[in-house]
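Visitor: I would like to learn how to read a structure of this kind with care. Could we go through it together, beginning with confidence and then turning to the sheets and the ligand?

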Amino acid sequence: MFQLLCCRASITAPGRPLLLYSRINKTAADKWKLSRGFKSPGSKGYSSSQQPGNTVSRAWFFTKGAVRQSATRTSKPPGVALRFILGPAVLTVSGRLFCHVAYCEADENNNISLEVDPKTPVPDFKWHILWEFVKPQLLALVSAVVLAFGAAILNIHIPLMLGDLVNVVARFLRDQSRSYVQEIQGPALKLLGLYIFQGLLTSGYIILLSRVGERVAADMRKTLFASLLRQDVAFFDANKTGQLVNRLTADIQEFKSSFKLVISQGLRSITQTVGCFFSLYVISPKLTGLTVVVLPCLVGAGALIGSFLRKLSRLAQEQVAKATAVADEALGNVRTVKAFAMEERELQLYAYEVDKSCEMNENLGAGIAVFQGLSNIALNCIVLGTIFAGGTLISSNEMSPGDLMSFLVASQTVQRSLASISILFGQMVRGISSGARVFEYLTLKPTIPNSGGGRIPYHSLTGRVDFMNISFSYPTRPGHQVLNKFNLTLPPSKTVAIVGESGGGKSTIASLLERFYDPTNGVIMLDGLDIRTLDLSWLRGQVIGFINQEPVLFGSSIMENIRFGMPEATDAEVISAAKQANAHGFITAFPDGYNTFVGERGVTLSGGQKQRIAIARALIKNPSILVLDEATSALDAESERVVQEALDRATRGRTVLIIAHRLSTIQAADLICVISNGHIVEAGTHLELLGRGGLYSDLIRRQRAEEQK
Ligand SMILES: Nc1ncnc2c1ncn2[C@@H]1O[C@H](COP(=O)(O)OP(=O)(O)OP(=O)(O)O)[C@@H](O)[C@H]1O
């Protein structure tokens with residue numbers, strides 16, 4: 001771990017959400033931002049970094065406002081150290097992820113230290129990965145670039161040809177002996193042809209580029225989604241789903257827009273700026289000299305105001321996203337909101353965020369209006385100034401009226417191109433940082449590979465499982481040992497139940513058997529084979545059936561949900577599994593039968609119905625081993641009875657591991673093991689354990705007492 005120590009930063013609102021803003025002083029990168037929390041006016045502070053080899057040695061930190069609700073403040077008596085834990089916050093430099101922040105702490109002198117997790121790599125923009133996505137689209141991309149370049153070159157000719165046209169008109173006014181139409185038609189038709197050709201080239205490159213952009217983005221989305229699905233469960237413990245989804249959507253969208261814009265506009269703007277400047281110089285070196293002085297100042301001022309407005313716009317967008325997140329959370333958990341009668345509070349929260357976003361957008365609108373007004377004045381003044389100076393040159397015969405026309409149009413083209421280059425630069429930085437965030441997960445290798453190379457035994461399995469000397473800590477909590485030299489054998493076709501205190505590690509045992517995690521020490525054997533050597537898709541897909549306390553169904557039909565256990569199953573197999581799971585009766589009672597839509601996460605079904613569909617889903621693959629993680633503990637007595645009946649049928653002839661909370665459901669198990677402090681302290685049948693009068697009898701006594709309360 002390295003630390004960034006920020007000195008003399010003061011916290012203006014202790015106890016309220018905290019946001020650190022910082023700006024690097026006199027260094028290449030210009031901004032740091034701790035992107036977490038809300039903003040409110042705060043104070044400034046000076047800081048220095050103590051990371052060895054850090055390229056940044058000095059930074060300004062601005063503390064603003066307050067720590068999100070998810071951040072925990074562990075102590076804050078007055079005058080004593082304040083400690084804010086920000087969780088997985090990130091520090092970004094110039095919009096790019098710099099590092100992940102483990103926590104942030106402030107002492108009584110308001111010195112703040114950020115602890116940065118060095119294990120989380122700072123993503124880099126990897127050009128070779130981009131190349132892999134661009135390669136299949138290379139022909140279209142090169143064609144688009146050629147067309148865009150052609151369109152830009154034609155654009156440079158337009159001012160000159162307009163000038164020719166004006167000169168023809170001026171000549172006609174001086175000498176009307178020839179027909180006007182004869183005089184004008186040649187240059188006019190040439191210009192019309194140029195307009196049409198340029199229009200065709202422009203449409204062509206936009207079509208090609210948008211095809212390239214869309215295909216690159218679609219490939220990235222598919223590859224990123226595949227990469228995320230490949231990651232092990234520990235990865236999802238450490239990363240928030242929302243952030244992952246954001247990379248799939250917003251980051252790829254941002255990258256795609258930047259990619260298209262930078263290639264099309266960038267190329268066009270640079271070509272046009274250079275070409276038109278050359279034309280300006282050829283037309284009138286004197287007027288060009290004047291333009292060279294005035295134009296960059298105006299474009300510079302415009303870029304400055306533009307960047308301020310973009311910042312305002314980004315903040316306003318973030319605020320809209322915050323308001324959306326409040327609504328999203330409330331609507332997603334609408335049952336809980338209603339159950340606690342919190343509609344009014346949610347409405348207030350939403351209204352607060354919406355009002356803030358409204359205010360910000362109003363400010364942004366006013367800023368844009370002022371900016372547009374000022375730019376109109378400036379642009380018109382440039383035109384006026386050019387005509388004034390050009391008129392003087394015309395009167396002294398140094399320039400023709402057509403040249404003045406060409407000059408005006410070419411200088412406007414230069415203005416537009418310069419302005420778009422300044423916007424493009426910001427867009428490029430944003431695109432690169434979005435791309436880097438996407439690429440970070442594309443190359444991530446899971447510690448437990450999903451498939452590839454693992455063995456699939458030829459012989460049919462007996463279903464014997466041995467946990468041998470297992471020690472385990474969760475990767476996100478390495479200091480907390482959940483299992484400690486744990487040993488257990490699940491004999492073939494027998495039912496073993498594990499009981500113990502809440503948090504004792506019962507579900508962890510099931511997770512290890514499913515290989516959601518690998519033990520820190522020890523080995524799990526299936527029929528004498530180390531499960532780490534077996535093909536994981538085969539192990540999870542065909543050998544182990546898993547039913548847990550809160551079955552999660554997908555928002556599709558009952559048929560599809562059961563078939564999730566074995567995608568190639570026929571309708572008859574689905575129905576047979578449903579019958580075994582005691583589910584056929586209630587399913588056929590629905591008007592749409594097996595085609596009944598279960599709603600998001602199965603909300604339209606009762607707990608017992610969901611559980612029976614989950615049992616059918618597990619049974620359809622005919623697993624040798626069945627893991628039941630408190631499968632009936634969330635049900636009422638009647639539902640429990642039907643589900644238990646289904647389970648009794650389902651467990652026949654299989655090796656079964658039951659993780660039990662309610663001890664009444666496991667009395668018939670062949671073996672009951674009591675787990676405490678990460679290993680088994682008692683094992684035997686129900687009667688044997690009762691006779692021993694140890695921990696199991698204690699648990700039974702306590703549970704009975706609780707039930708009688
Ligand atoms: N994904 C995780 N990351 C970090 N720690 C975890 C994770 N899941 C569980 N734990 C911790 O591991 C310990 C064992 O949890 P486990 O869920 O195995 O207990 P349990 O015996 O099944 O509890 P219960 O009966 O309450 O379900 C607990 O201290 C828990 O906080």
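**Confidence before detail**

Guide: Among the elements of the protein chain, strand S6 (residues 72-73) has the lowest mean pLDDT, 30, and S11 has the highest, 93; pLDDT is the predictor's confidence in each residue, from 0 to 100, while helices (H or I, at least four residues) and strands (E, at least two) are DSSP runs numbered from the N terminus. This is a predicted model, in which local features need pLDDT of at least 70 and side-chain atom pairs count only at pLDDT 80 or more, whereas totals for chains, interfaces and linings use all residues. Residues are numbered from 1 along each chain as its sequence is written.

Visitor: Over which residues does pLDDT stay under 50?

Guide: Where pLDDT is low, the predicted coordinates should not be read in detail. Here pLDDT stays under 50 over residues 1-99, for which the model has 217 contacts beyond four places in sequence, and also over residues 118-122, with 7 such contacts; a contact means that two C-beta atoms, placed from the backbone, lie within 7 Å. The mean pLDDT of the protein chain is 76, with 80% of its residues reaching 70 or more, and the predictor gives the complex an ipTM of 0.97 and a pTM of 0.69.

Visitor: In what order do the 4 strands of the open sheet lie?

Guide: Two strands pair if DSSP finds at least two bridges between them. In this sheet the order is S12-S11-S14-S15, and the pairing is antiparallel. Strand S12 (481-490) and strand S15 (529-530) stand at the edges with a single partner strand each, so one side of each is left without a neighbour in the sheet. Strand S11 (residues 465-473) is joined to strand S14 (residues 521-526) by 5 bridges, and Ser471 stands opposite Asn521 in S14. Helix H10 packs on this sheet, where it touches S11, S12 and S14, and its direction makes about 115° with that of S11; axes are lines fitted to C-alpha atoms, for helices over the stretch in contact, and angles run from 0 to 180 degrees between N-to-C directions.

Visitor: Which residues are closest to the ligand, and which helix gives the largest share of the shell?

Guide: A residue is near a molecule if its C-beta atom, placed from the backbone, lies within 6 Å of it. By that criterion 14 residues surround the ligand, the closest being Tyr474, Ser502, Lys506, Ser507 and Thr508. Helix H10 (residues 506-513) supplies the largest share, 3 residues.

Visitor: How does the sheet of 6 strands pair?

Guide: Its pairing is mixed, and this open sheet has the order S16-S17-S18-S13-S19-S20. The edge strands, S16 (544-548) and S20 (679-684), pair on one side only, and the twist averages 20° from one strand to the next. Strand S19 (residues 671-676) pairs with S20 in the antiparallel sense over 5 bridges, and Val674 stands opposite Glu682 in S20. Helix H15 (residues 607-619) lies across S16 and strand S17 (625-629), running at about 170° to S16.
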